[in-house]
Amino acid sequence: MGAGGTPQRRAAHPTRPHQRRPTLHPGAWWLWALALGTAATRTTNPLLLALLITTSAYVVATRRPDTPTARSYTAFVKLALAVLLIRLAFAVALGSPVPGTHVIATLPEVPLPDWAQGIRLGGRVTAEGLLFALYDGLRLATLLICVGAANALANPARLLKSLPGALYEMGVAVVVALTFAPNLILDVQRLRAARRLRGRPDKGIRGLLQVALPVLEGALERSVALAAAMDARGYGRTADVPAPVRRTTTALTLGGLLGVCAGTYGLLTAEGGTYGLPVLLAGLATALAGLRLGGRRSLRTRYRPDRWDMRAWLVTGSGVAVATLLVLASAHDPEALNPGVVPLVAPALPLWPAAAVLLGLLPAFVAPDPNPDPDPAPAPDPKDPS
């Protein structure tokens with residue numbers, strides 16, 4: 001009621017009910033990124049590796065949500081650059097197994113004892129050795145950037161909801177470990193900003209000591225609150241399962257994981273190209289069966305679980321297509337995907353492997369926008385005098 005008992009006028013535009021934003025299943029992002037990383041392990045061609053980095057960077061730029069965890073992509077890029085520089089530094093300091101004739105510099109060589117044969121410190125630095133180290137380091141850097149893309153696109157907390165019941169407790173521990181460092185950094189930044197506003201020093205040994213104690217105290221309080229919340233939600237409680245089911249679950253899970261390791265090793269080596277993929281698929285099927293059976297021990301429910309829809313299949317399929325085509329290309333034309341450095345020639349870009357890498361851009365067009373534009377304010381009603 002308004003003043004004088006007059007009823008207030010209702011809003012001309014009723015508020016809309018809360019609608020959940022369309023999101024992609026986090027598992028699809030991880031499978032897409034890991035597939036791109038698998039493709040990166042099959043080649044040392046710097047042009048293909050640069051194309052893989054560009055593909056992942058474009059997808060991250062267009063589909064990264066506006067969250068604190070999504071800003072980790074830059075950290076992974078810096079880490080990849082550091083790995084590349086360290087690999088080049090090792091090639092300069094310790095030499096390279098690749099023989100070369102184009103000498104760039106000659107460093108003072110440190111004599112080593114007889115038991116350290118095959119290792120040298122200093123000596124000649126050749127262009128062939130540096131180029132070999134660059135190709136090898138760029139492959140590892142591309143793999144790290146692909147993992148960083150998965151961290152930026154998929155929130156670890158959302159991924160925890162999609163884990164099988166048998167991995168729930170392990171997943172909680174991993175998510176807590178992943179979120180501890182970002183929270184610690186935010187606490188340090190907040191306390192340093194507060195000290196600057198109060199005119200107190202925030203740098204040097206004194207500032208570090210005065211910031212460290214509140215940060216550790218906040219981390220301890222957050223840990224106690226997390227433990228209480230996990231206990232209140234029944235974390236660690238399991239259902240009674242017969243002993244034969246437990247033994248079968250353990251056998252399937254361990255056997256499947258061993259099969260995954262053996263299949264992955266086969267895919268990453270040239271000798272195991274024939275048996276790698278079948279063993280990997282068999283191991284995955286066995287491990288999934290064991291996890292499905294082991295999920296009976298976990299008593300938990302999911303609130304608004306992420307659905308695996310057609311867009312998730314398209315995103316996963318694009319990454320799997322890139323990895324599959326690069327594996328086939330490495331078996332069909334290994335010289336194009338792994339260019340040599342002796343003699344010293346410029347690498348060429350193979351056309352159909354490059355076209356296969358471009359399939360990884362599909363998520364930039366089919367995945368939902370994680371940051372949709374807010375609904376525009378409704379136009380005022382001309383009949384409303386207020």
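Two exercises on a predicted model follow, each with a worked solution.

Residues are numbered from 1 along each chain as its sequence is written, and side-chain values use heavy atoms, with hydrogens and water left out. Because the model is predicted, local features need pLDDT of at least 70 and side-chain atom pairs count only at pLDDT 80 or more, while totals for chains, interfaces and linings use all residues.

**Exercise 1.** Find which residues touch the most other members of the largest nonpolar core, and which helix gives the most to this core.

*Solution.* Start with the definition: a nonpolar core is a set of buried Ala, Val, Leu, Ile, Met, Phe, Trp, Tyr and Cys residues joined through side-chain atoms within 4.5 Å, where buried means under 20% relative accessible area with a 1.4 Å probe, protein chains only. The largest such core has 37 residues, and Leu 24, Trp 29, Trp 32, Leu 52, Val 315 and Leu 326 touch the most other members. The helices (DSSP runs of H or I, at least four residues) that each supply at least two residues include H1 (26-41), H4 (127-153) and H10 (310-332). Helix H4 gives the most, with eight residues.

**Exercise 2.** Work out the surroundings of Thr 126, beginning with its strand.

*Solution.* Thr 126 is found in strand S2 (residues 121-126), a strand being a DSSP run of E, at least two residues. Thr 126 is buried, with a relative accessible area of 9%. Leaving aside neighbours within four places in sequence, Thr 126 is in contact (heavy atoms within 4.5 Å) with Gly 100, His 102, Val 103 and Ile 104. Finally, a polar atom of the Thr 126 side chain lies 3.2 Å from the backbone nitrogen of Gly 129.

Conventions: Buried < 20%, exposed > 50% of the residue type's maximum accessible area, 1.4 Å probe, protein only. Polar contact = N/O pair within 3.5 Å; in protein donor to acceptor, adjacent residues only side chain to side chain.
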